[in-house]
Amino acid sequence: MRISGIIDESIVDGEGIRTAIFMQGCLHHCPGCHNPDTHALNGGKEMTLDEIEKRVINNVSIDGITLTGGDPFYQLEAMIDLLDMAKKHNLSTWVYTGYKYEELLNLGKTDNRYLQILEKTDVLVDGPYIKELRDISLLFRGSSNQRVIDMKRTLENETVISYLK
């Protein structure tokens, strides 16, 4: 899998202390993107699941992993492997994407991997970053159009339910 970088202990990429895995590749090209160096699909570096898993499980202080980027949905198989690894170690999973949840459901109609990923995700932060809607007072997101979605409750109720109380 192609990784732009890893922050072993982040407190801004989801709730608690998280290992933030910055996936390489994104074609959304949101103006004002915080991580433009992650856009090139062939950028970053190759890492194996074993390499990442060793970093994650050797850190006893983390609550979970966050897949961010770039956009993790440009590497579906890698996402499934990373989410499965996190669940195997009882870690929570957050995913950031420039896609809207409804777009991912639609993509899931022709590629079941999208639905598998949504089922393995505890919290989805969706939607493109919109520079004009930037709001630094928001928790866990950069612009007010982005949602922090409780995936378990959303899938159970078949309607988007916010993770934030």
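How far apart are the mean positions of the positive and negative charges of the protein chain? They are 2 Å apart, taken over 18 positive and 25 negative charges. Keep in mind that this is a predicted model.

Now the overall fold. The protein chain has 5 helices and 7 strands. Reading along the sequence, you get β-β-β-α-β-α-β-α-α-β-β-α. So three strands come before the opening helix, and a helix closes the pattern.

Next, dimensions. The radius of gyration of the protein chain is 15 Å. That agrees with a compact globule, because 165 residues packed that way would have a value near 15 Å. The C-alpha atoms fill a box of roughly 35 × 35 × 35 Å along the principal axes.

What about the surface? The accessible area of the protein chain is about 8,400 Å². Carbon and sulfur atoms account for 51% of that. Of the 165 residues, 47% are buried. As for contacts, take those between residues at least 6 apart in sequence. Of these, 62% join residues at least 24 apart.

On to the interior. In soluble globular proteins, nonpolar side chains tend to be buried together. Here, the largest nonpolar core has 31 residues. Which residues have the most contacts inside it? They are I21, I52, F73, L82 and L124. Several elements give two or more residues to this core: strands β1, β2 and β4, and helices α1, α2, α3 and α4. Helix α2 gives the largest share, with 8 residues. If you want to find α2 on the screen, look at 76-88.

Stay with I21 for a moment. Beyond its neighbours within four places in sequence, I21 contacts I3, G5 and I6. I21 also reaches I52 and L82, both of them on the list of residues with the most contacts inside the core. The remaining partners of I21 are I65, T66, L67 and T68.

There is another core, apart from this one, with 7 residues. Among them are Y96, F140, V148 and Y163.

F140 deserves a second look. F140 sits in the loop between β6 and β7. Its phi is positive, about 65°, and F140 is not a glycine. Is F140 buried or exposed? Buried, because its relative accessible area is 17% and the cut-off is under 20%.

Compare E158. E158 also has a positive phi, about 55°, and is not a glycine. Its place is in the segment after α5. E158 counts as exposed, because its relative accessibility is 74% and exposed means over 50%.

Now strand β1 and G5. G5 lies in that strand. Outside four places in sequence, G5 touches A20, I21 and F22. G5 and K45 are 40 residues apart in sequence, yet their C-alpha atoms are 8.2 Å apart in space.

Next, Q24. Where is Q24? In the loop between β2 and β3. Q24 is buried, at 2% relative accessible area. Its contact list, again leaving out residues up to four places away, includes R2, I3 and S4. On that list, too, are D37, T38, H39, A40 and L41. G43, G44 and Q75 complete the set for Q24. The C-alpha atoms of Q24 and E46 are separated by 9.5 Å, with their positions 22 residues apart along the chain.

Last stop: the loop between β5 and α3. Two residues to point out there, T97 and K100. T97 is buried, with a relative accessible area of 6%. K100 counts as partly exposed, at 39%. Not counting residues up to four places away, T97 touches D71, F73, L104, L124, V125, D126 and G127. With the same kind of neighbours left aside, K100 is in contact with D126, G127 and R147. So D126 and G127 turn up for T97 and for K100. The C-alpha atoms of K100 and R147 are separated by 8.7 Å, and the two residues are 47 apart along the chain.

Note on methods: Residues are numbered from 1 along each chain as its sequence is written. This is a predicted model: local features need pLDDT of at least 70, side-chain atom pairs count only at pLDDT 80 or more; totals for chains, interfaces and linings use all residues. Side-chain values use heavy atoms; hydrogens and water are left out. Helices (H or I, at least four residues) and strands (E, at least two) are DSSP runs, numbered from the N terminus. The radius of gyration is taken over C-alpha atoms; the globule rule is 2.2 Å times the number of residues to the power 0.38. Buried means under 20% relative accessible area, exposed over 50%, partly exposed in between (1.4 Å probe, protein chains only). Contact means heavy atoms within 4.5 Å. Accessible areas come from the Shrake-Rupley method with a 1.4 Å probe; for residues, only the protein chains shown count as cover. Lys and Arg count as positive and Asp and Glu as negative; His and the chain ends are not counted. The place of a charge is taken as NZ of Lys, CZ of Arg, CG of Asp or CD of Glu. A nonpolar core is a set of buried Ala, Val, Leu, Ile, Met, Phe, Trp, Tyr and Cys residues joined through side-chain atoms within 4.5 Å.
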